[in-house]
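Student: I am new to this structure. Could you pick one part and take me through it closely?

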Amino acid sequence: MQQALSRKNLWNKLPPPVRLGVGGMLGLIPLPWLLGGRWRAQLAWLRAAQRWPADRTREYQLARLRDLCTVAQGTRFYRELFREAGFDPRDLKSPDDLSRLPTIDKHAIQERLEDMCAVAPQSAGVDFISTGGTSGTPLHFYIGAQRSAIEFAYLVASWERAGYTAGTSLAVFRGRLVSPDLHGLRHEYDPLLRQHYYSNFHMTEPNLRRYLAHLRTIGPCFLHVYPSSADVLARFVRRSGIAPPTNVRGIIAESEILYPAQRRLAEDVFGCRYFSCYGHTEKLVLAAECERTADYHVWPTYGYFELLDDAGRPVRTPGERGEIVGTGFINRVVPFIRYRTGDYATYVADRCRACGRQHVLLRDIRGHNTQEMLVTADGSTISWTSLNMHDDTFARVTEFQFYQDQAGKAVLRVVPAHGFAESDRRRILANLGRKLAGRIEFIIQVTDGIARSPRGKAIYVDQQLPLPVHEEFVAV
């Protein structure tokens, strides 16, 4: 799989005429074979592991936690943390014993990142990445380059619950910067992963009509979306009176809160199942809906999951809410052990009666990835999730917030970090301008601090313009 993804990186660098010629040949190879034997083996293992009994799962988790904590003990940060807590990885007798350690949060990562590295950051196969900063404070850290192979296997195993099979086309409306093709359509095709990308930065009515017309031509497919993008599509179909495409087999949504009204409208318009997943850039917790209910199953082999109340106690009573705390098994470069995500969910059960999987079940997941919008000059809206920057755009910014009181214009308030300079200001404006193709004009305002909500949460879009509101859009 890693070789396949390396080929994908090479593919993205090829000139368009070369891609056109090679693309047809790649499309003839079944995707599982294109991704390689190791990836197929990983997917087969996940299909079996999701049906393991609880005792076998806990044995697996215990082995992984011992190994991860042993790796972490070699770092300065965790060596100090373990010593202060009187913790030795060899003493782990149960996954529950991990609770002897204190939780950590993003401030620990920001302040001690270099001391948390179990592998030299300059080593081959190590990437420096960033969360999108939707909480107002982006998080930068190191992670192994092989993560994409594991992640994609987990995603496919999750999406199979919605009827997806590897190789089925995906129509993607998820924040990718898509340039116009020779016909002016903002569409790109990746023949390696069978993904059709459409620009959700340009969801004007003329473009929506063209997107839907093209989507009808790609054969059986699934929509891979932000919930806000699917909502725009569905509302346009409903508003315009055009017939919805009949080749859409399902809707797969990630990265934003999915509200009940959005689910109902999209399922009614497209006539298929709406399937939602929860995850994050830190690769700590992955949860996907059940094929028989809308409850989220937490993948127990992806990481060790905890749900804690405000006092730090485990939440085990159905109907109670808690914060999602994760210990990831994927990242061995910078171990995240008992990391507080800032996301909250309602506990349902430890076993699904509908499908029989012995997984923790959640519902009503809420967090900092809320659907706050910016308004373009032509009156259309762009979800802030689409503007997530997973590079160095905000590397020397502590916090940031958009303020808007005029369509097509916005102020970006930034709290500068050490070393912030004019070059950072220019880079931020250039990257945002490139991604939005100039549809919103930005100015940067440097400030000492950014006000938070009455409940202490970051407000990353201070929006003063009226926006369409769903009846389920509530403050969380």
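Tutor: We start from one residue, histidine 224, and work outwards to its strand, the sheet and a pair of helices.

Keep in mind that this is a predicted model. The protein chain has 476 residues, and 54% of them count as buried. It holds 12 helices and 20 strands.

Now the residue. Where does histidine 224 sit? It is found in strand S6, which covers residues 221–225. Is histidine 224 buried or exposed? Its relative accessible area is 8%, and under 20% counts as buried, so histidine 224 is buried.

What surrounds histidine 224? Set aside the neighbours within four places in sequence. Histidine 224 is then in contact with Trp159, Leu170, Ala171, Val172, Phe173, Arg174, Ile252 and Glu254. One of these, glutamate 254, also makes a polar contact. There, the side chain of histidine 224 meets the side chain of glutamate 254 at 3.1 Å.

Next, the strand. Which strand runs parallel to S6? Strand S7, residues 248–253, does, and 5 bridges join the two. Take leucine 223 as an example: its bridge partner in S7 is isoleucine 251. In general, strands of a sheet pair through backbone hydrogen bonds, either parallel or antiparallel.

Step back to the whole sheet. It is open, with 12 strands and mixed pairing. The order is S4-S5-S3-S6-S7-S8-S9-S10-S14-S13-S12-S11. Strand S4 (187–190) and strand S11 (303–308) stand at the edges. Each has a single partner strand, so one side of each is left without a neighbour in the sheet. Direction ignored, neighbouring strands of this sheet are turned by 35 degrees against each other on average.

Now two helices. Helix H9 spans residues 205–215, and helix H10 spans residues 227–240. Two packed helices are described by the angle between their axes and the distance between the axes. Here the axes come within 11 Å and cross at roughly 95 degrees. Angles of 65 to 115 degrees count as roughly perpendicular, so H9 and H10 are roughly perpendicular to each other.

Which residues make the contact? From H9 come Glu205, Leu208, Arg209 and Leu212. From H10 come Val232, Leu233, Phe236, Val237, Arg239 and Ser240. By class, this contact has 6 nonpolar, 1 polar and 3 charged residues.

Last, the chain as a whole. Take its contacts between residues at least 6 apart in sequence: 67% of them join residues at least 24 apart.

Technical notes. Residues are numbered from 1 along each chain as its sequence is written. This is a predicted model: local features need pLDDT of at least 70, side-chain atom pairs count only at pLDDT 80 or more; totals for chains, interfaces and linings use all residues. Side-chain values use heavy atoms; hydrogens and water are left out. Helices (H or I, at least four residues) and strands (E, at least two) are DSSP runs, numbered from the N terminus. Buried means under 20% relative accessible area, exposed over 50%, partly exposed in between (1.4 Å probe, protein chains only). A polar contact is a pair of N or O atoms within 3.5 Å; within protein, one must be able to donate a hydrogen and the other to accept it, and residues adjacent in sequence count only if both atoms are side-chain atoms. Contact means heavy atoms within 4.5 Å. Two strands pair if DSSP finds at least two bridges between them. Axes are lines fitted to C-alpha atoms, for helices over the stretch in contact, and angles run from 0 to 180 degrees between N-to-C directions. Angles under 35 degrees count as roughly parallel, over 145 as roughly antiparallel, 65 to 115 as roughly perpendicular and the rest as oblique. Ala, Val, Leu, Ile, Met, Phe, Trp, Tyr, Cys and Pro count as nonpolar, Asp, Glu, Lys and Arg as charged, and the others, Gly among them, as polar.
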